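Welcome, and please open the structure in your viewer. We will go from stop to stop, selecting a few residues each time.

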Amino acid sequence: MFEYNPKSEKAEEFINHQEILDTLEYAEKNKDNLNLIDEILSKAEKRKGLTHREASVLLACENKEKIGQMYDLARQIKKDFYGNRIVMFAPLYLSNYCVNGCVYCPYHMKNKHIARKKLTQEEVKNEVVALQDMGHKRLAIEAGEDPVNNPIEYILECIKTIYSVKHKNGNIRRVNVNIAATTVENYRKLKDAGIGTYILFQETYHKESYEKLHPTGPKHNYNYHTEAMDRAMQGGIDDVGLGVLFGLELYKYEFAGLLMHAEHLEAVYGVGPHTISVPRIKRADDIDPSAFDNGIDDDTFAKICALIRIAVPYTGMIISTRESQQVREKVIGLGVSQISGASRTSVGGYTQEERPHDTEQFDVSDNRTLDEVVRWLMEGGYIPSFCTACYREGRTGDRFMSLCKAGQIQNCCHPNALMTLKEYLIDYASEETRKIGEKLIEDELKNIPKEKVRDICEENLEKIEQGKRDFRF
Ligand code: SAM
């Protein structure tokens, strides 16, 4: 029997099954306790976050008025910490060779009819050129787990290639990495290769289900997978990204587990997760999402996003093109800070005219071009940001968090967003998008609080107009 201990480095102690069950029971018992709910909401208003128990009570609450208050607070916190900026990125699939047996993923080893493909360095280059030509500056690289086909050396080589491609005015300035759990030594190699965030989805925090959903391969080991972020931190990566694949297990269980994971990182390393992703299971070759009976509807999904925003105000939240334009519209207001645009989830997909399906990991719901996504964001009052400054300036881990906590984001991220948007508008945008963007930049310049920063930003915008690139605070 394991005891709950957020400071422990043992998976079953910091993600403790009994503590989650007790939390769910406590939440269920108190879901109509309006006094307690008000108390939790007042605590949340201080913007210092909530514990997994407190947040779970809010998740269990079905009172419409209180849910409305949660949404309002999430919107306010989003505005205070992230302003109206939305960071843009794209996934880049390197290889779909995989030795695991994940039952929800079409890359699972037994799937014999999916085409297997691994990019050569030449192909990586071509994909990157295609991504740069759209305007992307930030990538998340993805690969199946296969020590023979995709060893760490292959991943490192790809990262090197990606950073080396300079095509026209383009370059990829931040590579985030979403590869299987690995060793401290390999995490150190990734850190040395200059990666941004290391992302690993837990899939499910429920150990018994986890083992059934990952029946074979190295990923079957729940403890090794769950302790991956600890090893990443020990390897020097202090920006890590958590996530749950919603639909596999009961969402209330996952929500408590996710927050416990964040509390654990904070307790042991003094820094919570840099990001949290909220993927939902999707149709794919060989995969029918209705086979997983814990799917959540759009309203529950929105509530989860709002409560993550309230519970961990300093953590970025990521949503991918697994979600439709309509769902994205809803959750962006509630706290999402980063979205992908024009994604292809197939290996080698960006260099092909039509979106290919043969090597695809999952079906994409938002099929718009990056230009369309950028325009749509701006029309909705958001600033699409291609900023990658933080880790390049050494603002990772707790240094990024202290920037957030000191309220300096508006003097830093805001001008960075405007300058990188300006680059996008000049180099890649359609006429119409550019017009909307130029007006937005003009209006938003006024929202930089410090006069000196505003002046420098204006000067840099001028220089970008004249052909210079890559300014940052
Ligand atoms: N192979 C790596 C690992 O084991 O973590 C990570 C890369 S995998 C390409 C990225 C993520 O896609 C997985 O962690 C999983 O959550 C998600 N995924 C897999 N199948 C999916 C599906 N059918 N629908 C939506 N997301 C899926």
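Which residues of α19 are buried? Select Thr433, Gly437, Leu440, Ile441, Glu444 and Leu445 to see them. Keep in mind throughout that this is a predicted model.

**Stop 1: helix α19**

Look down the axis of α19: the buried residues fall within an arc of 120°, so they line one face of the helix. In general, an α-helix has 3.6 residues a turn, so residues three or four places apart point the same way. Now add Glu431, Lys435 and Glu442, the exposed residues on the face of α19 turned away from its buried side. To see what covers the buried residues, show the neighbours, which include α15, β9 (383–385), α18 (413–427) and α20.

Then try a distance check on α19, which runs over residues 431–445. Its 15 residues, at 1.5 Å a residue, should span 21 Å, and the end C-alpha atoms are indeed 21 Å apart, so the two values agree.

**Stop 2: the nonpolar core**

Next, select Leu92, Leu190, Tyr198 and Ile339, the residues with the most contacts inside the largest nonpolar core, which has 153 residues. Colour α13 as well: this helix supplies nine residues, the largest share of that core. Zoom in on Leu190 and leave aside residues up to four places away in sequence; Leu190 then touches Ile152, Ile155, Leu156, Ile159, Val177, Ile179, Ile195 and Ile237.

**Stop 3: Ser290 in its loop**

Move on to Ser290, in the loop between β6 (275–277) and α13 (298–311). Is Ser290 buried or exposed? With a relative accessible area of 58%, Ser290 is exposed, because the cut-off for that is over 50%. Show the side chain of Asp288 too, and you will find a polar contact of 2.9 Å to the side chain of Ser290. Gly247 is 43 residues from Ser290 along the chain, yet their C-alpha atoms are separated by 9.2 Å.

**Stop 4: two backbone angles**

Most residues other than glycine have a negative phi. Which way does Ala342 go, positive or negative? Its phi is positive, near 55°. You will find Ala342 in the loop between β8 (338–340) and α15 (370–379), and at 14% relative accessibility it counts as buried.

Finish at Asp470, in the segment after α20 (451–465). Asp470 is not a glycine either, but has a positive phi of about 65°. Its relative accessible area of 25% makes Asp470 partly exposed.

Definitions and conventions
Residues numbered from 1 in each chain as written. Predicted model: local features only at pLDDT ≥ 70, side-chain atom pairs only at ≥ 80, totals over all residues. Heavy atoms only, no water. Helix = DSSP H or I, 4+ residues; strand = E, 2+ residues; numbered from the N terminus. Buried < 20%, exposed > 50% of the residue type's maximum accessible area, 1.4 Å probe, protein only. Polar contact = N/O pair within 3.5 Å; in protein donor to acceptor, adjacent residues only side chain to side chain. Core = buried A, V, L, I, M, F, W, Y, C linked by side-chain atoms within 4.5 Å. Contact = heavy atoms within 4.5 Å. Expected span 1.5 Å × (residues − 1). Arc of directions from axis to C-beta.
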